[in-house]
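Trainee: Could you take me closely through one part of this protein, the helix packing in its interior, and then say what can be found about the pockets?

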Amino acid sequence: MKQSAFIVILFALALVVAYVIYQFGLGNPANFKDAAREVPLNGNLMGTIFVGGPLVVLLITLSIMDVAIIIERTLSLRKAAGKQAVPKFFKKVVDEIRGGNIDAAITTCDTQRGSVANVLKAALGRYKELTSGKSSVDQEKQLVEVQRSVEESMMLETPLLEKNLIALSTIASIATMVGLLGTVIGMIRSFKALAQAGAPDAIALATGISEALINTAGGLFVAILGIVAYNFFVNKVDNFTFQIDEATYNMMQLLKSK
């Protein structure tokens, strides 16, 4: 599935789930003192969040998307790591290359799977093709071709490792803006209550202040979650690319010495 299609479908599903949560969970009449659902029971967190207004639906949607992308990236990066630790896997591949058993090294890559294994397999497959009796390419050009296959494989693997990270960063930025918008709307509502002639409408004033604060807190929560997750996964991707670069460099040096 294309990344854009995944995000659109995820947004639509999250929006539906968020609306159901807002209307029937947070907005349950049992959470409020009044039929208008404007005054939550003392200490009732769900009713208090409901008072934040319709923008709470969007904040819940963004939080669901955050969690969904975090789960998807966690599973994908775990799969990209392969079946066993990269140092252990690479040591086995190096031993097989030193023994001149390229086929066994390729088989090990097939068994390991993951991003590092995919890049090494592409390089070893190209090396095997160029060193076969049918190829007339000299050794220097062979290594150049192997290096090119490494670069092409990296171009394919890197986008898979970085998939949905831009969406995660965007959600964090949007959540902050949505929270700020809710804050402004709540303050407008509060000042409108204060501007009434005579005694201010205490319920409207309290509701407006609650709406402002709830949206601020919700926006900050979603943004913090997204930023922390984004930085964590970026660090994981950087570690993967470093491992791939280190493994391919050592492999190239080993092939050059043969």
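Mentor: What follows starts from a single helix, moves to the core beside it, and ends with the pockets. Please keep in mind throughout that this is a predicted model.

Let us begin with α5, which spans residues 102–112 and in which Ile102, Ala105, Ile106, Thr108, Cys109 and Gln112 are buried. Seen down the axis of α5, these buried residues fall within an arc of 155°, so they line one face of the helix. The partners against which the buried residues of α5 pack are α4, residues 86–98, and α6. Just after α5 comes Arg113, which has a positive phi, near 60°.

From here we can turn to the largest nonpolar core, which is made up of 28 residues and in which Ile97, Leu120, Leu124 and Met251 have the most contacts. At least two residues of this core are supplied by each of α4, α5, α6, α7 and α9, and the largest share, 8 residues, comes from α6. For a closer view of one of its members, consider Leu120, which, leaving aside residues up to four places away in sequence, touches Phe89, Phe90, Cys109, Ala247, Thr248 and Met251. Of these contacts, Cys109 is one of the buried residues of α5, while Met251 is among the residues with the most contacts inside the core. Apart from this core lies another, of 23 residues, which includes Leu59, Ala80, Leu168 and Phe240.

The pockets bring in further helices. The largest pocket has a volume of about 330 Å³, and among its 17 lining residues, Ser76, Lys79, Ala80, Ser115 and Leu160 lie nearest its centre. Its lining draws at least two residues from each of α3 (55–80), α6 (114–130) and α7 (139–161), with the largest share, 6 residues, coming from α3. By character, this lining divides into 4 nonpolar, 6 polar and 7 charged residues.

The second largest pocket, with a volume of about 210 Å³, is lined by Leu26, Ile49, Val56, Leu59, Ile60, Ser63, Ile214, Gly218, Phe221 and Val222. Two or more of these lining residues come from α3 and likewise from α9, which covers residues 202–257. The lining of the second largest pocket divides into 8 nonpolar and 2 polar residues, with no charged ones, whereas that of the largest pocket has 7 charged residues. Two residues named above also link the pockets to the core of 23 residues, since Ala80 and Leu59 are both among its members: Ala80 lines the largest pocket, and Leu59 lines the second largest.

Note on methods: Residues are numbered from 1 along each chain as its sequence is written. This is a predicted model: local features need pLDDT of at least 70, side-chain atom pairs count only at pLDDT 80 or more; totals for chains, interfaces and linings use all residues. Side-chain values use heavy atoms; hydrogens and water are left out. On a 1 Å grid over the protein atoms alone, a cavity is a set of points where a 1.4 Å probe fits but cannot get out, and a pocket is an open set with protein on both sides within 12 Å along at least five of seven lines; lining residues have an atom within 4 Å of a point. Grid points are joined across faces, edges and corners, and a volume is the space filled by probe spheres set on the points. Helices (H or I, at least four residues) and strands (E, at least two) are DSSP runs, numbered from the N terminus. Ala, Val, Leu, Ile, Met, Phe, Trp, Tyr, Cys and Pro count as nonpolar, Asp, Glu, Lys and Arg as charged, and the others, Gly among them, as polar. Buried means under 20% relative accessible area, exposed over 50%, partly exposed in between (1.4 Å probe, protein chains only). The arc is that of the directions from the helix axis to the C-beta atoms. Contact means heavy atoms within 4.5 Å. A nonpolar core is a set of buried Ala, Val, Leu, Ile, Met, Phe, Trp, Tyr and Cys residues joined through side-chain atoms within 4.5 Å.
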